[in-house]
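Here are some exercises to work through with the structure open beside you. Try each task on your own before you read the solution.

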Amino acid sequence: MKLVGENRVFGGRHLRYTHSSETTHCEMTFALFLPPFASAEKPVPVLYWLSGLTCTDQNFMQKAGAMKLAAELGMAIVAPDTSPRGDDVPDDENGAYDFGHGAGFYVDATQAPWDKHYKMYSYITQELPALIEREFPVTKEKAISGHSMGGHGALVIGMRNPNKYVSVSAFSPIANPSDCPWGKKALSLYLGEDKTAWEDYDASLLLANKAHYIPMLVEQGTKDEFLQDQLKPQSLVHAAQRSETQLTLNMHEGYDHSYYFIASFIEEHLEFHAGHMGLI
């Protein structure tokens with residue numbers, strides 16, 4: 001690892017690192033907030049935050065306003081980049097924002113040329129937490145959250161790995177990627193045209209087909225410009241009803257897709273996860 005940035009904040013530390021990833025076969029970047037007094041003698045639990053399309057490790061750390069309460073709760077936050085990057089990593093040939101660099105969709109790609117580098121599911125669930133737990137004063141107890149594409153990733157990862165995460169939450173998630181333009185494009189190119197291969201990366205399909213016992217919290221704004229065509233949160237509601245799984249979906253009148261929305265309700269999510277971590 002290489003430390004590339006450090007800031008003091010609310011008595012804790014915001015750190016940025018790069019490292020050579022064995023999973024994505026390129027240099028990856030992640031940000032880490034360590035609360036005050038986190039130490040080898042007093043390790044802290046971790047919230048993993050997955051950001052959305054076009055974002056990096058910095059969007060959440062700079063815009064969400066999460067670190068003050070995280071410092072008070074004694075919770076670390078890890079924010080990875082949203083995709084592999086670099087000159088050797090393939091990108092959308094037309095420079096589109098919704099595929100390639102910045103748009104890893106938290107899947108393990110199976111189709112060339114994406115399958116060498118675009119292994120974000122395995123990176124988030126295996127390599128990154130192993131690195132964090134080895135190098136920093138944190139426990140193995142963790143939760144996961146995210147926004148938009150990252151909300152999709154958080155829900156999928158949480159439901160597929162209920163023994164690894166104590167809770168999962170999402171802001172404005174792409175809830176049914178098999179049935180929206182962003183998702184159809186990404187899943188077909190990363191995974192191929194066989195839609196049965198998409199099922200493991202579709203939160204609504206996962207939720208409909210099996211009861212899940214991980215606590216789930218979702219926030220959605222009614223003025224989100226992507227609500228009807230891309231996000232489709234009602235798919236989650238119908239899926240939860242079908243599998244008789246408990247899901248909390250909060251609709252917020254007048255809120256959009258931006259970080260103003262996230263900042264307005266991030267403290268409720270931190271407290272939600274802290275409750276399942278035993279911090280409050």
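**Exercise 1.** In this predicted model, find out which residues Tyr-190 touches, skipping those up to four places away in sequence.

*Solution.* Step one: click on Tyr-190 and look at what surrounds it. Its contacts include Phe-99, Gly-100, Ala-103, Gly-104 and Phe-105. Step two: keep going along the chain, and you'll pick up Val-107, Ala-109, Thr-110, Gln-111, Trp-114 and Tyr-118 as well. Step three: put Tyr-190 in its wider setting. The largest nonpolar core has 64 residues, and Tyr-190 is among the members that touch the most others, together with Phe-30, Phe-105, Ile-124, Phe-136 and Ile-144. Helix H3, residues 120-135, is the top contributor to this core, with seven residues. Apart from it there's another core, of 27 residues, including Met-67, Ala-70, Tyr-259 and Ile-262.

**Exercise 2.** Decide whether Tyr-118 is buried or exposed, then describe what it meets.

*Solution.* Start by locating Tyr-118: it sits in the loop between S5 and H3. Next, check the accessibility. Buried means under 20% relative accessible area, so Tyr-118, at 0%, counts as buried. Now list some contacts: among them are Ser-83, Pro-84, Val-89, Pro-90, Asp-91, His-101 and Tyr-190. Take Pro-90 as an example: 28 residues separate it from Tyr-118 along the chain, yet their C-alpha atoms are 9.2 Å apart. Finally, look for polar atoms: one in the side chain of Tyr-118 lies 3.3 Å from the backbone nitrogen of His-101.

**Exercise 3.** Do the same for Asp-81: is it buried or exposed, and which side chain does it join in a polar contact?

*Solution.* Asp-81 is also found in the loop between strand S5 (76-80) and H3. Its relative accessibility is 6%, so Asp-81 counts as buried. For the polar partner, look at Arg-85: the two side chains are joined by a polar contact of 2.6 Å. Leaving aside neighbours within four places in sequence, Asp-81 also contacts Thr-29, Cys-55, Thr-56, Asp-57, Tyr-106 and Met-120.

**Exercise 4.** Follow H3 and find where it kinks, then work out what its buried residues pack against.

*Solution.* Walk along the helix until you hit Leu-128, where there's a kink of about 30°, shortly before the proline Pro-129. Then pick out the buried residues, which include Met-120, Tyr-123, Ile-124, Glu-127, Leu-128 and Pro-129. These buried residues of H3 pack against S2, S3 (26-34), S4 (44-50), S5, S6 (138-147) and helix H4 (149-160).

**Exercise 5.** Write down the order of the strands in the nine-strand sheet.

*Solution.* First, recall that strands of a sheet pair through backbone hydrogen bonds, either parallel or antiparallel. Here nine strands make an open sheet with mixed pairing, in the order S1-S2-S3-S5-S4-S6-S7-S8-S9. At the edges are S1 and S9 (248-252), each pairing on one side only. From one strand to the next, the twist averages 20°.

Now zoom in on individual pairs. S1 (residues 2-9) and S2 (residues 12-21) are antiparallel, with seven bridges, and Leu-3 has Tyr-17 in S2 as its bridge partner. Their hairpin has two residues between the strands, and Phe-10 takes a positive phi near 50° there. S2 and S3 also run antiparallel, joined by nine bridges, and Leu-15 stands opposite Leu-32 in S3.

Note on methods: Residues are numbered from 1 along each chain as its sequence is written. This is a predicted model: local features need pLDDT of at least 70, side-chain atom pairs count only at pLDDT 80 or more; totals for chains, interfaces and linings use all residues. Side-chain values use heavy atoms; hydrogens and water are left out. A nonpolar core is a set of buried Ala, Val, Leu, Ile, Met, Phe, Trp, Tyr and Cys residues joined through side-chain atoms within 4.5 Å. Buried means under 20% relative accessible area, exposed over 50%, partly exposed in between (1.4 Å probe, protein chains only). Helices (H or I, at least four residues) and strands (E, at least two) are DSSP runs, numbered from the N terminus. Contact means heavy atoms within 4.5 Å. A polar contact is a pair of N or O atoms within 3.5 Å; within protein, one must be able to donate a hydrogen and the other to accept it, and residues adjacent in sequence count only if both atoms are side-chain atoms. Two strands pair if DSSP finds at least two bridges between them. The bend at a residue is the angle between axes fitted to the seven residues ending there and the seven starting there. Axes are lines fitted to C-alpha atoms, for helices over the stretch in contact, and angles run from 0 to 180 degrees between N-to-C directions.
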